[in-house]
Amino acid sequence: MSEFDKKAETFTDQKHLEHGKKVANGLVKIINEEILKNNEKVNILDMGCGVGSVAIPLSLLNPKFIIDGIDPSIKMIEFFEKRVKEEKVERVFPTFQAEPKPENKYNIGYTSNVLHHIEDISGFLKKIYDSLLKDGQILIVDYEKSPISHLFHTNPDSSLVHPSGFSKEELQKFLVDANFKDVKVLDFGSIQRKIVDENKNESLETFNFLVATGFKHD
Ligand SMILES: C[S@@+](CC[C@H](N)C(=O)[O-])C[C@H]1O[C@@H](n2cnc3c(N)ncnc32)[C@H](O)[C@@H]1O
């Protein structure tokens, strides 16, 4: 059982669902107007979709959106499928799969809170790049590096590869190096979390989020 299978259920709690809604509302504001205007249907890939906490609310924000969520954790996908069935969610399709299928091409590829778990970031971004149609857009959401960002994950977690998150410059460089054009990295809101230090002192800390976006123009 993978690390994510073990903790899949924790992603169905209210805190994660609220965060997912917030991410979906933020993403929809950054999605390129031309993509929305020029396409009758907007095909979207959610890489590392988890239990669908972003994909489901995102699908409700525009009837043109058709979202394929893929994830290498079977448990995450099972919770996602359960929700799709119970809530009669339309135009959202979870699949247990680590890589996008080469025959599926998308107008938009996004990922939320996944990049800090990825060892081979350039390989991961290439998979999204290859799955996009010409002029397709990538959106990467993750938390911003800061002196306290390593505290974002309070429990020990073997799946964490970049525990401090990323700086704006790092995200910019990842996307430019992956051949994305018109790359921008924007502030994407923040969340507060209670942190308990080694002396059991509690404090409320703010963690900022970033969204990196760019286009596949060739
Ligand atoms: C912190 S969860 C985020 C889930 C969801 N995107 C969200 O925002 O709620 C990270 C997810 O990334 C998935 N993941 C881990 N490695 C991955 C990879 N190489 N490719 C795609 N997804 C991956 C995990 O299975 C897990 O569901």
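## Overall fold

Among contacts in the protein (residue pairs whose C-beta atoms, placed from the backbone, lie within 7 Å) between residues at least 6 apart in sequence, 70% join residues at least 24 apart. The model is predicted: local features need pLDDT of at least 70, side-chain atom pairs count only at pLDDT 80 or more, and totals for chains, interfaces and linings use all residues. Residues are numbered from 1 along each chain as its sequence is written.

The protein has 7 helices and 7 strands; helices (H or I, at least four residues) and strands (E, at least two) are DSSP runs, numbered from the N terminus. From that end, their order is α-α-α-β-α-β-α-β-β-α-β-α-β-β.

## Dimensions

The C-alpha trace spans about 55 × 40 × 30 Å along its principal axes. The radius of gyration, taken over C-alpha atoms, is compared with a globule rule of 2.2 Å times the number of residues to the power 0.38. For 218 residues, a compact globule would have a value near 17 Å, and the protein agrees, with 17 Å.

## Helix 5

Helix 5 covers residues 74-86; its 13 residues should span 18 Å at 1.5 Å a residue, and its end C-alpha atoms are indeed 18 Å apart. The expected span is 1.5 Å times one less than the number of residues.

In this helix, Lys75, Met76, Ile77 and Phe80 are buried, where buried means that 20 or more other C-beta atoms lie within 10 Å of a residue's own, all C-beta atoms being placed from the backbone. The buried residues of helix 5 pack against helix 1 (3-7), strand 2 (65-71) and strand 3 (92-96). Just after helix 5, Lys88 takes a positive phi of about 50°.

Notes
A residue is buried if 20 or more other C-beta atoms lie within 10 Å of its own, exposed if 12 or fewer, and partly exposed in between; C-beta atoms are placed from the backbone. Two residues are in contact if their C-beta atoms, placed from the backbone, lie within 7 Å.
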